[in-house]
Amino acid sequence: MLARYHPYSRCGLVGAALLAGLVSWAGAENSFTYGSTPWPLIPEPPRSQVQWVSDDMRINGVPMRVQSFESKASKEEVVAFYASHWRAGSADSQVAVTPAGADTLVGRPHGPFYLMAKVRAADGGGAQGTLSVSQVEGIAPRIDASGIPVPANGAQAVNVVESNDAGKRNKQVIWLTKGSSATVAAQYHSTLTRAGWALLQEQSAPASKETALVRMYSKDKRQLDVVIGVDTQRAVTVINTSLVTFGS
């Protein structure tokens with residue numbers, strides 16, 4: 001089966017990460033997280049290295065900032081660090097510690113925001129995970145796939161990740177459909193070329209029931225990456241579309 005989509009990656013099925021770094025945009029209208037309300041900071045875990053995934057993004061309509069970390073401390077130590085730190089700084093102690101498979105989620109509300117540390121044990125010892133701040137007050141989550149051509153009749157958008165990174169605006173949409181991957185790929189290519197998208201690159205995985213097709217298109221100052229594969233467990237075709245607009 002194809003690799004599962006990670007909500008903080010730019011193109012999860014092919015493992016292309018979002019560019020890290022701070023974002024500087026001319027006006028708040030171009031930003032998801034820069035405005036009049038200061039965003040809280042999450043302290044780094046003990047004995048860790050932390051880097052930005054993106055400090056200006058939106059997931060299913062929710063503005064968010066995300067960092068990733070690797071720590072020499074154990075998973076239990078990191079979980080205890082955040083649980084203790086946030087309980088000490090919260091008058092009502094609204095700290096939730098929730099097991100989620102191999103991960104443990106530690107979270108708490110903070111004004112209009114929600115802070116979360118997602119922690120798991122790292123191979124070879126230590127811990128790794130993500131630190132996220134989400135603006136939840138006054139925000140209605142939504143799946144908005146506008147701006148990206150629909151891959152096939154009946155295709156359903158299930159996840160949308162948008163980000164601003166170093167002069168580029170990215171919008172990634174994950175779609176599911178019951179159509180065969182070969183049929184979807186042929187129809188989508190025809191749709192895109194008729195709309196003026198030029199195919200720049202194409203790559204296929206070795207022939208198998210789980211074959212993945214990767215294509216790169218361009219039009220004006222935009223690049224559209226398309227990954228088409230099969231989720232054998234759910235018997236659906238998965239289409240990952242990632243649209244990058246340069247100099248927006």
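Begin by selecting residues 1-28, where pLDDT stays under 50 and for which the model nevertheless has 83 contacts beyond four places in sequence. This is a predicted model, and its mean pLDDT is 85, with 83% of the residues reaching 70 or more.

**The whole chain**

Switch to a cartoon of the complete protein, in which two helices and 14 strands can be picked out. Of its 248 residues, 45% are buried, and the accessible surface comes to about 12,400 Å², of which 53% belongs to carbon and sulfur atoms. If you display contacts between residues at least 6 apart in sequence, 56% of them join residues at least 24 apart.

**The sheet**

Now select the strands of the open sheet, which has twelve of them in the order 5-6-7-8-4-3-9-10-14-13-12-11, with antiparallel pairing. At the edges stand strand 5 (96-100) and strand 11 (198-204), each of which has a single partner strand, so that one side of each is left without a neighbour in the sheet. Following the sheet from one strand to the next, you will see a twist that averages 20°.

**Strand 8 and its two partners**

Select residues 127-135, which form strand 8, a mostly covered strand in which seven of the nine residues are buried. Add strand 7 (residues 113-121), which runs antiparallel to strand 8 and is joined to it by nine bridges; within this pair, Met 116 stands opposite Ser 132 of strand 8. The two strands form a hairpin with five residues between them, and in the turn Gly 124 has a positive phi of about 85°. Then add strand 4 (residues 62-71), which is joined to strand 8 by eight bridges, again in an antiparallel arrangement, and look for Gln 67, whose bridge partner in strand 8 is Leu 131.

Just before strand 4, stop at Asn 60, which is placed in the loop between strand 3 (48-59) and strand 4. Phi of Asn 60 is near 50°, a positive value in a residue other than glycine, and Asn 60 is buried, with a relative accessible area of 18%.

**Strands 13 and 14**

Move along the sheet to strand 13 and strand 14, which run antiparallel and are joined by ten bridges; one pair to display is Asp 225 with its bridge partner in strand 14, Ser 242. Helix 2 packs on the sheet here, touching strand 10, strand 11, strand 12, strand 13 and strand 14, and its direction makes about 165° with that of strand 13.

In the loop between strand 12 and strand 13, select Asp 220, which has a positive phi of about 55° although it is not a glycine. Is Asp 220 buried or exposed? Its relative accessible area is 70%, so Asp 220 counts as exposed, the cut-off for that class being over 50%.

Next, centre the view on Val 236, whose place is in strand 14. Val 236 is buried, with a relative accessible area of 11%. Which residues is Val 236 in contact with, leaving aside its neighbours within four places in sequence? They are Leu 176, Thr 177, Lys 178, Gly 229, Val 230 and Asp 231. Draw a distance between the C-alpha atoms of Val 236 and Leu 176, and the viewer should show a separation of 6.3 Å for two residues that are 60 apart along the chain.

**The nonpolar cores**

Finally, show side chains for the largest nonpolar core, which has 20 residues, those with the most contacts inside it being Val 173, Trp 175, Leu 192, Leu 224 and Val 226. At least two residues of this core are supplied by each of strand 9 (156-165), strand 10 (168-177), helix 2 (181-194), strand 12 (213-219), strand 13 (222-231) and strand 14 (236-246), and the largest share, four residues, comes from helix 2. Select Leu 192 and, leaving aside its neighbours within four places in sequence, you will find it in contact with Pro 149, Trp 197, Tyr 217, Leu 224 and Val 226. Apart from this core lies another, of 18 residues, and you can locate it by selecting Val 106, Ala 117, Val 119 and Ala 127, which are among its members.

Conventions. Residues are numbered from 1 along each chain as its sequence is written. This is a predicted model: local features need pLDDT of at least 70, side-chain atom pairs count only at pLDDT 80 or more; totals for chains, interfaces and linings use all residues. Side-chain values use heavy atoms; hydrogens and water are left out. A nonpolar core is a set of buried Ala, Val, Leu, Ile, Met, Phe, Trp, Tyr and Cys residues joined through side-chain atoms within 4.5 Å. Buried means under 20% relative accessible area, exposed over 50%, partly exposed in between (1.4 Å probe, protein chains only). Contact means heavy atoms within 4.5 Å. Accessible areas come from the Shrake-Rupley method with a 1.4 Å probe; for residues, only the protein chains shown count as cover. Two strands pair if DSSP finds at least two bridges between them. Axes are lines fitted to C-alpha atoms, for helices over the stretch in contact, and angles run from 0 to 180 degrees between N-to-C directions. pLDDT is the predictor's confidence in each residue, from 0 to 100.
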